[in-house]
Amino acid sequence: MKSNNKDFCRPAKDADRGMNADQAQGLIERVATLYERAFSDCDEGRTFLGSRGITNADLHGRHRIGYCNGSLRKILPSTGGVLKALTELGVLAADGSADSAGSPQELLHGCLTFPLLDVDG
């Protein structure tokens, strides 16, 4: 899978991102936690899984299923390093696309998320 002529599945090198691996992992962890909260607070994601027979709440928690509902954009600062870092990590659109309020577009908006915590999943 390709995105912006870079291999989407290959993590960016620290020098490419302007942050170290621990910083990148911490930021991704915060995004994954926000998406998990959104999944538990929003019926849309659970309804989608339920329509496919996946209703076990333990399964949802064990796999840290999340839902990107746009709430990240609402809490982000309008400028600064966090926006740049989230763009470099592939959370926000690199093409500058934004919503009607001018907030950066989340690439996974409207999607369920399943964080992979290491190369072994």
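**Helix α2 and the second largest pocket**

Asn20 caps the N-terminal end of helix α2, with a side-chain oxygen that lies 2.9 Å from the backbone nitrogen of Asp22. The model is a predicted one, and this briefing follows α2 from that cap to the pocket that α2 helps to line. Helix α2 runs over residues 21-41, and the second largest pocket holds about 170 Å³ of space.

**The helix and its two sides**

- Helix α2 has 21 residues and reaches 30 Å from its first C-alpha to its last, which is close to the 30 Å expected at 1.5 Å a residue.
- The buried residues of α2 are Ala24, Leu27, Val31, Ala32, Leu34, Tyr35, Ala38 and Phe39. Because these residues cover an arc of only 160 degrees around the axis, they lie on the same side of α2.
- An α-helix has 3.6 residues a turn, so residues three or four places apart point the same way.
- On the other side of α2, the exposed residues are Asp22, Gln25, Arg30 and Asp41; Asp22 also provides the backbone nitrogen in the contact with the cap, Asn20.

**The second largest pocket**

- The lining of the second largest pocket is made up of Leu27, Arg30, Val31, Leu34, Leu72, Ile75, Leu76, Pro77, Val82 and Leu86.
- Two or more residues of this lining come from each of α2, α5 (71-75) and α6 (81-88), and α2 gives the most, with 4 residues.
- By class, the lining has 9 nonpolar residues, no polar residues and 1 charged residue.
- Among the lining residues, Leu27, Val31 and Leu34 are buried in α2, whereas Arg30, which also lines the pocket, is exposed.

Terms used:
Residues numbered from 1 in each chain as written. Predicted model: local features only at pLDDT ≥ 70, side-chain atom pairs only at ≥ 80, totals over all residues. Heavy atoms only, no water. Expected span 1.5 Å × (residues − 1). Buried < 20%, exposed > 50% of the residue type's maximum accessible area, 1.4 Å probe, protein only. Arc of directions from axis to C-beta. Polar contact = N/O pair within 3.5 Å; in protein donor to acceptor, adjacent residues only side chain to side chain. 1 Å grid on protein atoms, 1.4 Å probe; cavity = no way out; pocket = protein on both sides within 12 Å on 5 of 7 lines; lining within 4 Å. Points joined across faces, edges and corners; volume = space filled by probe spheres on them. Nonpolar A, V, L, I, M, F, W, Y, C, P; charged D, E, K, R; others polar.
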